[in-house]
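Here's a walk through one protein model, from its overall make-up down to a few single residues. Have the viewer open while you read.

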Amino acid sequence: MRIPIAKGNKRVLLVEGGGMKGAFAGGALHSLHTILSPKYFDLVVAVSSGACSAAYYVTMPKPEPEKSLKTLAIWYFELAGRKLISPFHPFQGKTFLDQEYLVDDLFGQKYPLPAENFEKGGLPEFRVAVSNLQTRTIEYVRATSSNIFDLLKAATSLPIATRGKHKVNGTLYADAAVLNPLPLEDLIKAGYTDITVVLNSPVKRVSPPFGFLTSFLSFPKDWKMARLMNRWHHHHFNLAREVAQKPPKGIKIHTISPDDSLPVTLVTTNGSKLKKTVDLGMKKGEEIGKILLKAFSKKQNEKKEFSVGSKISKKKVRLFSPKKRTNTTKKKSK
């Protein structure tokens, strides 16, 4: 499943994941939603934990500050302590990162995701990036009301921390980040020229390759996948950031990213640090959101002016076109 090809000037939002660093994206998307409706975008693509926050953003047509703030509290309240990540989970028959608690209990019950809105017109198409474990390639699966919860489990299926795989419609997937944590190049190849990217670290950050031991432990039964992870994860991470800083000609890339390293890591569960990360995201989301609104509104006005101008010119052509009354006029003159 590839990214839909862009026809015309299409606008896309790309949200990076990064485990608990996704708290920054959660805060950024909350502020962005108070300024920019998801309707401003034609497509939303998300990776890993970024898919969790993006799913809420893309299913809320209008700003709902109270509801959004309540959902945002998941990051620093519901995921703090040993509720989501704990070294004791395996002794309870769970994985280190409890996906059932995250997706089924929180997104499905306590903070219900309005999944029915994926089928509503006017909202952008939502695609979640995942790694196909059979083909060992990245796929972009479209979210629907029937697959979203399995899709979120697949997107957050990190090796070691979870079972590292989950089925969606019969296909076995894992977190896309093991191969490509930020598929910016794929969006450009698909023809998107106006891209907004939410990052979980400074845009200038450079990532070293995974150690071979980490890659092997991630895929102990699939050495080929382990080698691909070791080779491609850091390559795509670094390349995407280079492109974000120096976009190709004709491509506009807007970045929403922290200025410095976040106070959290992939597995931080300290509530106060997570809250600080959410607040940093909210602040940056508001700052960049205002700039985006101005830029997007200007484009819409230009389109309207062009459309009105085209209509006027067509009317002028009609006014000066010859009228079909010559025959009747000749008959009268006779």
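What follows covers the fold, the cores, the empty spaces and some backbone details.

## Ground rules

This is a predicted model, so local features need pLDDT of at least 70 and side-chain atom pairs count only at pLDDT 80 or more, while totals for chains, interfaces and linings use all residues. Residues are numbered from 1 along each chain as its sequence is written, and side-chain values use heavy atoms, with hydrogens and water left out.

## The overall picture

The protein comes to 10 helices and 8 strands. Both are DSSP runs numbered from the N terminus: helices are H or I with at least four residues, strands are E with at least two. Of its 334 residues, 50% count as buried. Buried here means under 20% relative accessible area, exposed means over 50%, and partly exposed is in between (1.4 Å probe, protein chains only).

How much accessible surface does the protein have? About 17600 Å², with 56% of that belonging to carbon and sulfur atoms; the areas come from the Shrake-Rupley method with a 1.4 Å probe, and for residues only the protein chains shown count as cover. As for contacts (heavy atoms within 4.5 Å), take those between residues at least 6 apart in sequence: 75% of them join residues at least 24 apart.

## Two nonpolar cores

In soluble globular proteins, nonpolar side chains tend to be buried together. A nonpolar core is a set of buried Ala, Val, Leu, Ile, Met, Phe, Trp, Tyr and Cys residues joined through side-chain atoms within 4.5 Å. The largest one holds 57 residues, and Leu79, Phe107, Phe118 and Phe126 touch the most other members. Helix H2 (residues 50–58) provides the largest share of this core, with 7 residues. Another core lies apart from it, with 26 residues that include Ala6, Val45, Ala129 and Val243.

Which residues does Leu79 contact, leaving aside neighbours within four places in sequence? Met20, Ile74, Leu84, Tyr101, Leu102, Leu106, Thr269 and Leu274.

## Pockets and cavities

Rolling a probe the size of a water molecule over the atoms shows where empty space is left. The search runs on a 1 Å grid over the protein atoms alone: a cavity is a set of points where a 1.4 Å probe fits but cannot get out, a pocket is an open set with protein on both sides within 12 Å along at least five of seven lines, and lining residues have an atom within 4 Å of a point. Points are joined across faces, edges and corners, and a volume is the space filled by probe spheres set on the points. The second largest pocket has a volume of about 320 Å³. Its lining has 14 residues, of which Arg163, Lys165, Ser218, Phe219 and Pro220 lie nearest the centre. That lining divides into 7 nonpolar, 3 polar and 4 charged residues, where Ala, Val, Leu, Ile, Met, Phe, Trp, Tyr, Cys and Pro count as nonpolar, Asp, Glu, Lys and Arg as charged, and the others, Gly among them, as polar.

There are 2 cavities of 30 Å³ or more. The largest cavity, at about 40 Å³, is lined by Asn180, Leu182, Pro183, Leu184, Glu185, His236, Leu239 and Ala240. Helices H6 (184–189) and H8 (223–245) each supply at least two of those lining residues, and H8 gives the most, with 3. The second largest cavity has about 30 Å³ of space. Val58, Thr59, Asn117, Phe118, Leu123 and Pro124 line it, a set with 4 nonpolar, 2 polar and no charged residues. Phe118 also appeared above, among the residues touching the most other members of the largest core.

## A few residues worth clicking on

Thr196 sits in strand E7 (residues 194–198). Is Thr196 buried or exposed? Thr196 is buried, with a relative accessible area of 0%. Not counting residues up to four places away in sequence, Thr196 touches Val12, Leu13, Leu14, Phe41, His254, Ile256, Leu292 and Phe296.

Asn270 is in the loop between strand E8 (252–256) and helix H9 (271–319), and counts as partly exposed at 35% relative accessibility. Asn270 and Gly81 are 189 residues apart in sequence, yet 6.3 Å apart in space, C-alpha to C-alpha.

For backbone checks, try Ile160: it isn't a glycine, but has a positive phi of about 75 degrees. Ile160 lies in the loop between helix H5 (148–155) and strand E5 (166–168) and is partly exposed, at 47% relative accessibility. Asn169, also not a glycine, has a positive phi of about 50 degrees. Asn169 is found in the loop between E5 and strand E6 (171–175), and at 67% relative accessibility counts as exposed.
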